[in-house]
Amino acid sequence: MPHPLFWLGSADTHDPPSERVGLPSGQAGLPTGQAGLPSVTALAFLGDAVHGLYVRGLLLQRGMVRSGQLHEGALGYVRADAQARAWQRLQPFLTESEQDLGRRAFNSHHLNKPRHVPGAEYRAATAFEALLGMLYWTGDMDRLTYLLELAVQDEAGGQCEPEGI
């Protein structure tokens, strides 16, 4: 059975997205942050897509096939409250630079928070998404997969224990 991120390849076999699309680091018409990365809001946009696709692949692997079942199952992982919990759970596993990126995303003033989601929860979900987006953008698929597996494992009721970074 293929891994939920099989379509992404691995850092060993593919260039990061920033290089695949022919963009020099820090150039693409996107506002850049530290180290030539796109803005944290752009990274969160990308990370939301990566997370959603990962979750959908995982649900299919678990045998869900009906559209209503898939939709409800995915919501349990991709809603802001679930992503905020994932961000909090991953804190012991994150490097200093990953935590810094998350703080920048959390504190971003360019967020359009939905009315039904508390502000702090939405900001934590944005930090989670920005982290995933940064790992995907830089091509660090091993790290991306590791953190996604931890987040999903715990959301599904498993236990996470830090195993080095």
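**Figure 1. Helix α3 of the predicted model has the span expected for its length.** At 1.5 Å a residue, the 12 residues of α3 (residues 67–78) should span 16 Å, and the end C-alpha atoms are 16 Å apart, which agrees. The expected span of a helix is 1.5 Å times one less than its number of residues. Helices (H or I, at least four residues) and strands (E, at least two) are DSSP runs, numbered from the N terminus. G73, A74, Y77 and V78 are the buried residues of α3. Seen down the axis of α3, these buried residues fall within an arc of 125°, so they line one face of the helix. The arc is taken over the directions from the helix axis to the C-beta atoms. Buried means under 20% relative accessible area, exposed over 50%, and partly exposed in between (1.4 Å probe, protein chains only).

Residues are numbered from 1 along each chain as its sequence is written, and side-chain values use heavy atoms, with hydrogens and water left out. This is a predicted model, in which local features need pLDDT of at least 70 and side-chain atom pairs count only at pLDDT 80 or more, while totals for chains, interfaces and linings use all residues.

**Figure 2. The chain has seven helices and zero strands.** Along the sequence the pattern is α-α-α-α-α-α-α. Of the 165 residues, 41% count as buried. Among contacts between residues at least 6 apart in sequence, 68% join residues at least 24 apart; contact means heavy atoms within 4.5 Å. The chain exposes about 8900 Å², of which carbon and sulfur atoms supply 54%. Accessible areas come from the Shrake-Rupley method with a 1.4 Å probe; for residues, only the protein chains shown count as cover.

**Figure 3. Confidence varies along the chain, with a mean pLDDT of 77.** pLDDT is the predictor's confidence in each residue, from 0 to 100. A value of 70 or more is reached by 66% of the residues. Among the elements, helix α1 (residues 17–20) has the lowest mean pLDDT, 53, and helix α5 (residues 96–106) the highest, 93. Over residues 20–32 the pLDDT is below 50, and this stretch has 18 contacts in the model beyond near neighbours in sequence. The pLDDT also stays under 50 over residues 159–165, for which the model has 16 contacts beyond four places in sequence.

**Figure 4. Helix α2 holds the buried residues G47 and H51.** With 22 residues, α2 reaches 31 Å from its first C-alpha to its last, close to the 32 Å expected at 1.5 Å a residue. Its buried residues include V40, L43, A44, V50 and G52. G47 counts as buried because its relative accessibility is 0%. Not counting residues up to four places away in sequence, G47 touches E129, L132 and G133. G47 and Y136 are 89 residues apart in sequence, and 7.5 Å apart in space, C-alpha to C-alpha. H51, in α2 (residues 40–61), also counts as buried, at 2% relative accessibility. Leaving aside neighbours within four places in sequence, H51 is in contact with Y77, V78, Q83, F128, L132 and L148. Just after α2, G63 takes a positive phi of about 95°.

**Figure 5. The largest nonpolar core has 38 residues.** Such a core is a set of buried Ala, Val, Leu, Ile, Met, Phe, Trp, Tyr and Cys residues joined through side-chain atoms within 4.5 Å. L90, L144 and L147 touch the most other members. The elements that give two or more residues to this core are α2, α3, α4 (80–90), α5, α6 (119–137) and α7 (141–155). The most comes from α6, with 10 residues. Leaving aside neighbours within four places in sequence, L90 is in contact with F128, L147, L150 and A151.

**Figure 6. Helix α4 is largely enclosed by the rest of the structure.** This follows because eight of its 11 residues are buried. They are A80, A82, Q83, A84, A86, W87, R89 and L90.

**Figure 7. D100 and R104 lie in helix α5.** D100 counts as partly exposed, at 28% relative accessibility. Its C-alpha atom is separated by 9.8 Å from that of L131, 31 residues apart along the chain. R104 counts as partly exposed, at 30% relative accessibility. The C-alpha atoms of R104 and R123, 19 residues apart along the chain, are separated by 10.0 Å.
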